[in-house]
Amino acid sequence: MRQPVQPLAKLLSLFLLCGFISGCPSETPQAGPGVANGTKRIVLLTNGPDPFWDTCEAGAVAAAEELGLADKGYTLSYERGDFTDKGQLDKLKQYNLQSDIAAVGISVYNPESAAIAREMKKLRDKGVKVITFDGDIDREQFRDARFAYLGTDNLVGGRELGRAAKAIAPENAKYSFFVGSTSAANAVARMDGFVEGMEGTGTEIERLADGADKIKNRNNVEGALDRNSDLNMLVGIWAYNTPIIVQVVKDKKIRESTRVLCFDAAEASIKEMGDGNVDVMVVQNPYQIGAESVELLLALTEDDQETVDKFYPNYSQEGEGDLHRTDLRVVVPDGSPITKDLLEPETVFMTYDEFKAWLAERSLVSS
């Protein structure tokens with residue numbers, strides 16, 4: 001009669017089995033954190049670390065709870081890139097090797113990256129649902145790498161900031177842009193839209209990238225001002241750019257002759273507007289972006305066509321049928337010459353005090 005296996009022998013067998021598995025070829029699918037208990041992961045991958053993404057995460061977490069992801073057998077995995085192509089590419093490759101991934105949303109750092117598009121397509125070919133949020137892939141080249149895009153229309157946002165800038169532009173306005181990457185989809189759209197919104201008013205001097213390095217960001221601002229004595233409008237394109245721009249303007253004591261305009265309402269930028277150091281902000285709704293990304297990915301995973309149709313009533317991978325636009329706000333100091341009638345009807349116009357109240361109602365410190 002065969003003797004029962006003793007506990008120590010069982011443990012040794014398990015150890016040897018694990019060792020065998022870990023020695024398998026790298027293309028063998030890897031178990032993610034949800035495999036052991038049978039759950040599947042819905043992943044949101046940002047383009048980098050930034051307080052903007054903290055607010056987005058809060059919206060995603062709230063939606064996960066409200067939609068009952070856990071009860072439906074899913075977990076939310078919110079992961080941050082590092083503002084590099086490689087960082088996002090490595091993450092996508094990991095997802096392609098893991099068997100517990102049900103859906104992936106990605107805020108694409110480099111829309112021109114064929115390698116990132118290829119990994120996204122591989123996920124789709126495996127049956128994983130894939131969307132982009134906040135930053136899309138290049139639609140002309142890689143539209144089929146994802147189901148759809150959800151987030152701000154950055155070209156429209158740029159135009160709105162440009163229209164606002166035109167209303168407060170000094171005579172012979174000269175402006176420069178400051179951003180992490182001058183090739184990122186949202187950055188290009190915002191800057192190009194700004195120029196359109198200015199409608200020929202003023203002159204663009206340069207677009208300066210800092211790779212999300214705050215020291216380089218400051219050097220870029222100082223260098224632009226040193227090189228161009230008539231530079232009088234500074235435009236922050238990503239959330240962290242504006243507080244640095246403001247500090248340089250303070251240090252150089254040029255606030256009276258310099259307009260400061262920006263995208264995104266970082267906590268420090270909001271304070272600086274209250275202190276009179278920021279002239280206008282175009283504000284996205286990262287909380288909404290996070291919440292709706294989770295809702296959409298769950299609907300795609302569960303074949304909930306009614307919810308998908310809510311986001312994309314005329315879905316098509318042509319034209320704008322695969323684009324869902326989230327809220328856009330223009331925030332100005334009280335008493336600003338910028339008025340609602342300068343903007344598109346869909347854009348929400350708020351004074352600083354109104355915006356602060358809106359944030360307080362949602363227990364947010366940035367947007």
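The largest pocket in this predicted model holds about 610 Å³ of space. Its lining takes in 27 residues, and those nearest the centre are Asp136, Ile137, Arg139, Ala185 and Ala189. Several elements put two or more residues into that lining: helices H5 (139-142), H6 (154-168) and H7 (185-198), along with strands E5 (149-151) and E11 (323-325). As for where the largest pocket sits, domain 1 (40-152 + 286-325) and domain 2 (154-283 + 329-362) both chip in lining residues, so it lies between the two. Sorted by class, the lining comes out at 11 charged, 10 nonpolar and 6 polar residues.

Next comes the second largest pocket, with about 210 Å³ of space. Thr152, Asp153 and Val156 help line it, together with the run Arg325, Thr326, Asp327 and Leu328, and with Glu344, Glu346, Thr347 and Val348. Here the split by class is 5 charged, 3 nonpolar and 3 polar.

A word on confidence. The protein has a mean pLDDT of 90, with 90% of its residues at 70 or more. Residues 1-29 are another matter: pLDDT stays below 50 over this stretch, and beyond near neighbours in sequence the stretch has 5 contacts in the model. Predicted coordinates should not be read in detail where pLDDT is low.

Methods
Residues numbered from 1 in each chain as written. Predicted model: local features only at pLDDT ≥ 70, side-chain atom pairs only at ≥ 80, totals over all residues. Heavy atoms only, no water. pLDDT = per-residue confidence, 0-100. Contact = heavy atoms within 4.5 Å. 1 Å grid on protein atoms, 1.4 Å probe; cavity = no way out; pocket = protein on both sides within 12 Å on 5 of 7 lines; lining within 4 Å. Points joined across faces, edges and corners; volume = space filled by probe spheres on them. Helix = DSSP H or I, 4+ residues; strand = E, 2+ residues; numbered from the N terminus. Nonpolar A, V, L, I, M, F, W, Y, C, P; charged D, E, K, R; others polar. Domains from an automatic or database assignment.
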